[in-house]
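Let's take a walk through this model together, from one end of a helix to an enclosed space and back to the surface. Have the sequence and the 3D view side by side as you read.

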Amino acid sequence: MKKRTWILHLLIVSFLVLLALAPFLVAMGAGAFASANGCELHEGFVNPCVVGGRDYGDTLYSLGVMGWFGLVTLPLGLLLAGLYVAVVIVVWVMRRRKAQPAAET
């Protein structure tokens with residue numbers, strides 16, 4: 001396969017892994033925002049978080065709870081990425097075998 005094709009496959013696998021990690025990344029971002037502004041964030045209930053005169057408590061709570069979706073997206077995303085890599089490898093091996101000249105007898 002051409003180098004450009006391998007780069008495309010790498011981008012697709014990276015995208016699948018990023019999608020699988022997205023809920024965790026969102027929850028960590030909400031935690032970082034809350035921590036940077038001296039707010040408390042947990043999934044028990046909404047805590048007030050006033051930044052610049054605006055309360056972000058509900059939004060941060062929603063984003064923080066979003067991390068629980070990672071229990072579903074992480075295994076599925078990694079499974080899809082693994083299957084994609086397996087299919088790419090099988091196709092690559094089949095093309096290499098097809099391209100090799102037949103052994104003379």
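K98 is a good place to begin: it lies in helix α3, where helices (H or I, at least four residues) are DSSP runs numbered from the N terminus. K98 is exposed, with a relative accessible area of 74%; here exposed means over 50%, buried under 20% and partly exposed in between, with a 1.4 Å probe and protein chains only. The C-alpha atoms of K98 and I12 are separated by 25 Å, with their positions 86 residues apart along the chain.

Before going further, a word on what you are viewing. This is a predicted model, in which local features need pLDDT of at least 70 and side-chain atom pairs count only at pLDDT 80 or more, while totals for chains, interfaces and linings use all residues. Residues are numbered from 1 along each chain as its sequence is written, and side-chain values use heavy atoms, with hydrogens and water left out.

Now move to P101, in the segment after α3, a helix that covers 70–99. P101 is exposed too, at a relative accessible area of 74%. From P101 to I89, twelve residues apart along the chain, the C-alpha separation is 20 Å.

Also in helix α3 is L80, which is partly exposed with a relative accessible area of 48%. L80 joins W68, L71, V72, L76, L79 and L83 in a nonpolar surface patch of about 730 Å². Such a patch is built from residues with over 30% relative accessible area and no salt bridge, with nonpolar side chains (Val, Leu, Ile, Met, Phe, Trp, Tyr) joined within 5 Å; a salt bridge is a side-chain nitrogen of Lys or Arg within 4 Å of a carboxyl oxygen of Asp or Glu. The areas come from the Shrake-Rupley method with a 1.4 Å probe.

What lies inside? The structure holds one cavity of 30 Å³ or more, and the largest cavity has a volume of about 40 Å³. A cavity is a set of points on a 1 Å grid where a 1.4 Å probe fits but cannot get out, and lining residues have an atom within 4 Å of a point. The volume is the space filled by probe spheres set on the points, which are joined across faces, edges and corners.

Helix α2 (residues 57–65) gives the largest share of this lining, three residues. The lining divides into seven nonpolar, three polar and one charged residue. Among the lining residues are A34 and Y61, which are 27 residues apart in sequence and 9.8 Å apart in space, C-alpha to C-alpha. A34 lies in helix α1 (residues 3–36) and is buried, with a relative accessible area of 2%.

Terms used:
Helix = DSSP H or I, 4+ residues; strand = E, 2+ residues; numbered from the N terminus. 1 Å grid on protein atoms, 1.4 Å probe; cavity = no way out; pocket = protein on both sides within 12 Å on 5 of 7 lines; lining within 4 Å. Nonpolar A, V, L, I, M, F, W, Y, C, P; charged D, E, K, R; others polar. Patch = residues over 30% accessible without salt bridge, like charges linked within 9 Å, V, L, I, M, F, W, Y side chains within 5 Å.
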